[in-house]
Amino acid sequence: MRANTRLCKQLFAQRRTFSSTARRLDNYAFIGLGQMGYQMARNLQSKLPPSDTVRLYDINRGAAEKLAQEMSAQQAGGASVHVADSAADASREADTVVTCLPEPQHVKATYESILKAELPARPGPRLFIDCSTIDPTSSREVAAAVDKALPNGQGHFVDAPMSGGVVGATAGTLTFMLGAPESLVARSEIVLQRMGKRVLHCGPQGAGLAAKLANNYLLAIENIATAEAMNLGARWGLDPKVLASVINVSTGKCWPSEVNNPVPGVVETAPAIRDYQGGFGIGLMRKDLRLAILAAKEADAKLVLADKASEVYETAESEERCKGRDFSVVYRWLGGKE
């Protein structure tokens, strides 16, 4: 009787050990290694087990090779890394594909190249996560193309634009705005939380981009208004730090006034103190504003300040003293005292 009991315990222990270690290996593709994507891919790879694989692709092969070399040299382990020859090559064996690309046309062309290739069947449905900031209509078109090319639930496309900039991408503290059906939220969150801190589910596919563009439209307006108010106060003889302290405990408080104040020296960590270097580039703000205006027209939503704001950013960026700098450089363009 005792022998039988011991045998049962041994068999149970063997089954338990097998069930806890028999994990299916996962393959990932990461496409688009710009300033954001480079850091996001690094965090994703470092937080995956060594049994998994990440295939990297960027039109600039040197960036992919440099990142792969850095990943392979790290002491902490992480998934194995390979450099792919194309987006289709990176995605061929991938269970999860993450893309982070500059413009709608880049996203469309990339997914067209992936879907044209003969993608072999995977043990489960493929998940495509697009972290690019593009217009919701273009994103929905790509989602439809994925559904058509991979019918019967073989592939799913979700949008997950992020907030937090290069600093957040490097630190792994990004916030992702997810547009996906409820059935894909849990799986998407697992991937995104390896690259960021928070995932906000905004609704069905396309909703993440709608939320991102609405937020950035508001940010574009607040930034200009903050620069104008700070310049106005300075010309009235107010100390900029005193004015900022009043605004930030009053109804005018906003992110540009409190965190990214455009007057050099008011906030020690703001780009203004570094000649507006780093931060959120004025060109990127112009792009997001353009996409927000496009999305608003498609939704028949009136934006009465949009055209003027767009003109401000375009004119400011055209000047050498403002070009390539943080979007708070609008203060300099206004003639603010530095």
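The exercises below work through several places in a predicted model, each with its solution.

Residues are numbered from 1 along each chain as its sequence is written. In this predicted model, local features need pLDDT of at least 70, side-chain atom pairs count only at pLDDT 80 or more, totals for chains, interfaces and linings use all residues, and side-chain values use heavy atoms, with hydrogens and water left out.

**Exercise 1.** Find which element holds K212, and decide whether K212 is buried or exposed.

*Solution.* Begin with the record: the unreviewed UniProt entry puts the feature "active site" at K212, where positions follow the numbering used here, feature names are shortened, and annotations may be inferred rather than shown by experiment. Next, place K212 in helix 9, residues 207-235; helices (H or I, at least four residues) and strands (E, at least two) are DSSP runs, numbered from the N terminus. The relative accessible area of K212 is 7%, so K212 is buried, given that buried means under 20%, exposed over 50%, and partly exposed in between (1.4 Å probe, protein chains only). Finally, leaving aside neighbours within four places in sequence, K212 is in contact (heavy atoms within 4.5 Å) with T133, P161, M162, M177 and D288.

**Exercise 2.** Work out how helix 5 and helix 6 are oriented to each other, and which residues meet.

*Solution.* Take helix 5, residues 104-116, and helix 6, residues 136-149, whose axes come within 10 Å and cross at roughly 5 degrees. Axes are lines fitted to C-alpha atoms, for helices over the stretch in contact, with angles from 0 to 180 degrees between N-to-C directions. Angles under 35 degrees count as roughly parallel, over 145 as roughly antiparallel, 65 to 115 as roughly perpendicular and the rest as oblique, and therefore the two helices are roughly parallel to each other. On the side of helix 5, P104, V107, K108, Y111 and L115 take part, and they meet S138, E141, V142, A145, V146 and A149 in helix 6. The residues of this contact divide into 8 nonpolar, 1 polar and 2 charged, where Ala, Val, Leu, Ile, Met, Phe, Trp, Tyr, Cys and Pro count as nonpolar, Asp, Glu, Lys and Arg as charged, and the others, Gly among them, as polar.

**Exercise 3.** Determine where G335 lies and which residues G335 touches.

*Solution.* G335 is found in the segment after helix 14 (330-333), and with a relative accessible area of 34% G335 is partly exposed. Not counting residues up to four places away in sequence, G335 touches N231 and R235. As a last step, compare G335 with E228: they are 107 residues apart in sequence and 9.7 Å apart in space, C-alpha to C-alpha.
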